[in-house]
Amino acid sequence: MKQRKRPTTQGSSNGHESNNGQGTDSTSAFSSSAAFHTSTSTSSSSSSTPSSKTTVKNTSTTTTTIKSKTGSNKTDAKSSGLKPAVHSQTMLLELLLTVTRSSLVIVTPLVAGMILRVAPSMMEPIYGSIFIEEGFLEYSLISVSVGVVLAMIYTFLLGKRTASTATATTSSSRATAAEGKALLSAEDRLTAEVTAAGLRKDAGLRKGIVISLDLCGLVLASAFLTTHVMFKHSGEFGPWRGPHLTQFVLAYPLLALLGFANCLACVLRSYERVHVRTWMSCVLIQVGAILGLTLVVFQMAPQGQNCPRVYSSAILVAVISSLHKLLAFIHGEVALPDERLERSRRKSQTASSRASLAMSFIPLVLVLALTAQNVTRNPQCQASVVKAHNPVNGNYTILARNESVTGWISVVDENISRRNDLHIRVMRAGHSLIGGMYAETGDSIFGSFYIPEAVRLIMNREKGHQETVLQIGLGVGIASGSLIQHGLLVDVVEIDPAVVDYATEYFDWPAPHEKFIQDGRQFIRNAPEGKYDYVIHDVFTGGGVPPSLFSLEALHDIQRIMRPDGVLALNMVGSEHPIKAQALNSVRRTLHTAFKHVVAFKESPDDDDAYQNIVFFAAQFPIEFEPYEPPPFPTQEEMDFWMKQHQEGGHNGHALRPSDMRDWILSSFQDWPLKTPYDPTKGELILDRNNTLNGMQRLGAEDHWHAMRSLLPLDFWINY
């Protein structure tokens with residue numbers, strides 16, 4: 001018996017079969033609407049036939065259509081004869097190249113890579129260099145995870161909401177039909193319900209992404225205002241909690257919002273009918289691309305000014321969000337490979353919808369306004385010193401400032417003396433002072449900076465030639481300036497050009513034999529062998545030292561570039577307290593491993609447990625010092641010259657002035673050795689492959705932070 005052909009509606013065919021016969025494809029939601037209109041006439045003609053068999057078959061066709069709409073392709077293939085969805089590279093490309101996903105793959109790495117680099121450096125002027133990255137990466141990953149979880153919850157609630165709304169809509173249509181209108185067939189009702197629910201869910205996902213991007217832009221645009229408010233409470237927060245509490249108004253919410261937006265972008269839209277393997281491939285590619293590009297952006301821009309990077313990112317995110325709104329207003333969801341801009345998808349552009357569109361651009365306007373306000377009025381974002389930096393009744397005057405390669409470098413004068421009528425001028429680098437002097441005398445405010453000069457007093461050396469010195473880390477040029485004054489040829493390696501410029505202009509650092517603006521470790525690795533008689537090593541800043549310059553390999557490089565009877569003078573900040581001495585013990589052990597003879601002295605005879613400068617002298621021969629002889633008292637002409645320079649407000653010739661502090665330090669420092677004897681079993685050997693010095697400095701860095709806050713008040717530190 002010849003079997004009767006199964007009826008198929010035109011809407012079902014358009015909604016399920018692709019042109020190439022490969023099963024379901026990524027089709028637009030308007031096809032569901034077309035299926036709704038087409039199936040109305042088809043169902044009407046089918047219902048005119050009194051055969052109950054035809055009615056059953058029409059119901060079967062309706063079931064097949066709904067299953068296909070919900071993605072149950074395997075069951076549908078058996079009941080309707082359609083081919084199941086297959087994994088296709090074309091479908092994968094269409095998923096990846098939607099406007100939403102492709103724009104987020106570009107924006108997310110740019111913003112995330114920037115904020116991972118900039119956010120810690122924004123904390124450095126207030127909290128120093130040791131604490132700003134402590135746990136930052138871990139909390140950042142947690143923030144992204146929180147955003148992803150919130151997106152999953154949002155998607156789940158959105159699905160339930162759209163489903164309940166669709167049910168209410170169907171009930172309303174039934175009530176309307178009961179009043180006298182034609183009752184829709186079961187197929188028409190279910191098709192309309194699925195289509196409406198899908199479109200509402202698409203709109204909800206789009207709205208979630210746009211709102212999260214708007215918030216990202218506002219967080220970035222207001223970053224310097226919110227962090228400045230948090231900085232005012234830094235004394236209450238402390239150096240451990242302060243950076244993280246401040247990041248809760250900057251990096252952490254921003255990363256959570258980016259995670260939220262990207263998770264929503266990975267959710268399939270109602271018109272995307274693809275195999276689960278295709279969808280998973282899309283998600284993996286998008287996540288991998290974002291992570292890889294974020295790492296590239298993070299590595300490509302390690303230095304630079306923070307304000308331009310933050311505000312350019314804020315404007316970029318706000319513009320992308322506004323473009324999404326505009327495209328949604330005109331076309332709805334848009335896919336790049338097949339735009340599908342049929343008339344049935346376009347929204348009616350009424351006066352109320354246009355007003356709603358105009359209101360949606362308010363975040364962009366706010367971002368632009370905040371950017372303009374901060375760029376023109378916020379003193380932190382100015383390239384030079386402005387009036388806001390130096391209020392009329394302020395206690396300090398910023399003479400110069402520069403956001404250089406190592407962060408904020410500034411030169412500050414004290415207006416009101418608190419030290420026996422002696423005013424100070426300091427060079428600030430982040431949350432530390434890398435040098436300073438008393439304005440009236442030209443003496444260094446840190447006596448330990450004079451101790452490295454004692455290398456020229458070491459005996460048992462050949463001194464019948466022109467002696468050469470390498471100084472790693474300049475500061476304000478106290479030690480190198482004195483050695484230059486004594487006729488030694490001094491080469492200086494300094495990573496930050498602003499430090500060199502300010503030392504010359506504001507602290508009268510005399511011109512050295514040669515100066516090199518580069519990383520100290522790179523210089524000693526490439527410097528010629530046996531060139532220097534002395535190496536002065538002083539790179540402490542921000543509460544700690546760069547670990548790479550204290551490793552055994554770095555000390556071997558220093559040993560190589562010195563003459564056989566060369567001497568290393570190395571300064572670090574530490575404490576002999578048993579709990580806080582881990583970093584000190586590790587540096588001592590590493591120095592004793594590299595050199596045969598090592599001696600160490602503190603900067604003062606005060607409390608042995610105090611956190612203070614400690615200067616090591618290391619050589620391959622026994623270290624003994626000649627008695628220090630103060631220079632002769634200056635002539636009257638020299639005194640008149642220095643007095644004239646002082647009256648003119650300068651510090652010229654400070655290295656040539658008589659200095660009671662220098663004379664006292666160089667005459668007395670040998671009486672202040674470390675009280676704790678060297679124990680090779682204490683401390684770790686610092687190696688490049690396992691350098692843990694940064695972690696050892698945490699307790700000492702906390703003491704240094706509190707010492708800086710006791711030396712200078714809060715208003716000094718938050719004004720940079």
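This is a short dialogue on reading features in a predicted protein model.

Trainee: Before we start, what are the ground rules?

Mentor: Residues are numbered from 1 along each chain as its sequence is written, and side-chain values use heavy atoms, with hydrogens and water left out. The model is predicted, with local features needing pLDDT of at least 70 and side-chain atom pairs counting only at pLDDT 80 or more, while totals for chains, interfaces and linings use all residues.

Trainee: How many helices and strands are there in the protein?

Mentor: Helices (H or I, at least four residues) and strands (E, at least two) are DSSP runs, numbered from the N terminus. Here you get 25 helices and eleven strands.

Trainee: Where does UniProt place the "transmembrane region" feature?

Mentor: Read such entries with some care: positions follow the numbering used here, feature names are shortened, and annotations may be inferred rather than shown by experiment. The unreviewed UniProt entry gives residues 92-116, 136-157, 209-231, 251-271, 278-298, 310-330 and 351-372. Take residues 92-116: the span is 92% helix and 0% strand, and its end C-alpha atoms lie 31 Å apart. Residues 278-298 are 100% helix and 0% strand, with end C-alpha atoms 30 Å apart.

Trainee: Why does Ala221 count as buried?

Mentor: Buried means under 20% relative accessible area, exposed over 50%, and partly exposed in between (1.4 Å probe, protein chains only). Ala221 counts as buried because its relative accessibility is 0%. You'll find Ala221 in helix 8 (residues 186-221). Across the protein, buried residues make up 51% of the 720 residues.

Trainee: And which residues does Ala221 touch?

Mentor: A contact means heavy atoms within 4.5 Å. Leaving aside residues up to four places away in sequence, Ala221 touches Tyr311, Ala314, Val367, Leu370, Thr371 and Asn374. The C-alpha atoms of Ala221 and Gln373 are 9.9 Å apart, though 152 residues separate the two along the chain. For the whole protein, among contacts between residues at least 6 apart in sequence, 75% join residues at least 24 apart.

Trainee: Which residue does UniProt list for "active site"?

Mentor: The unreviewed entry lists Asp538, which lies in strand 8. Not counting residues up to four places away in sequence, Asp538 touches Phe449, Ile472, Gly473 and Asn571.

Trainee: What packs against the buried residues of helix 19?

Mentor: In helix 19 (residues 552-561), the buried ones are Leu552, Ala554, Leu555, Asp557, Ile558 and Ile561. Their packing partners are strand 5 (468-472), helix 18 (520-526), strand 8 (532-538), strand 9 and helix 20.

Trainee: Is Asp565 in strand 9 buried or exposed?

Mentor: Asp565 is buried, because its relative accessible area is 15%. The Asp565 side chain reaches the backbone nitrogen of Glu462 at 3.3 Å. Asp565 touches Arg461, Glu462 and Phe621, again not counting residues up to four places away in sequence.

Trainee: Last one: how many cavities of 30 Å³ or more does the structure hold?

Mentor: Rolling a probe the size of a water molecule over the atoms shows where empty space is left. On a 1 Å grid over the protein atoms alone, a cavity is a set of points where a 1.4 Å probe fits but cannot get out; lining residues have an atom within 4 Å of a point. Grid points are joined across faces, edges and corners, and a volume is the space filled by probe spheres set on the points. The structure holds eleven such cavities, and the largest has about 80 Å³ of space. Strand 9 gives the most to the lining of the largest cavity, with three residues. Among the residues lining that cavity are Met572, Lys580, Tyr611 and Gln697.

Definitions and conventions. On a 1 Å grid over the protein atoms alone, a cavity is a set of points where a 1.4 Å probe fits but cannot get out, and a pocket is an open set with protein on both sides within 12 Å along at least five of seven lines; lining residues have an atom within 4 Å of a point. A polar contact is a pair of N or O atoms within 3.5 Å; within protein, one must be able to donate a hydrogen and the other to accept it, and residues adjacent in sequence count only if both atoms are side-chain atoms.
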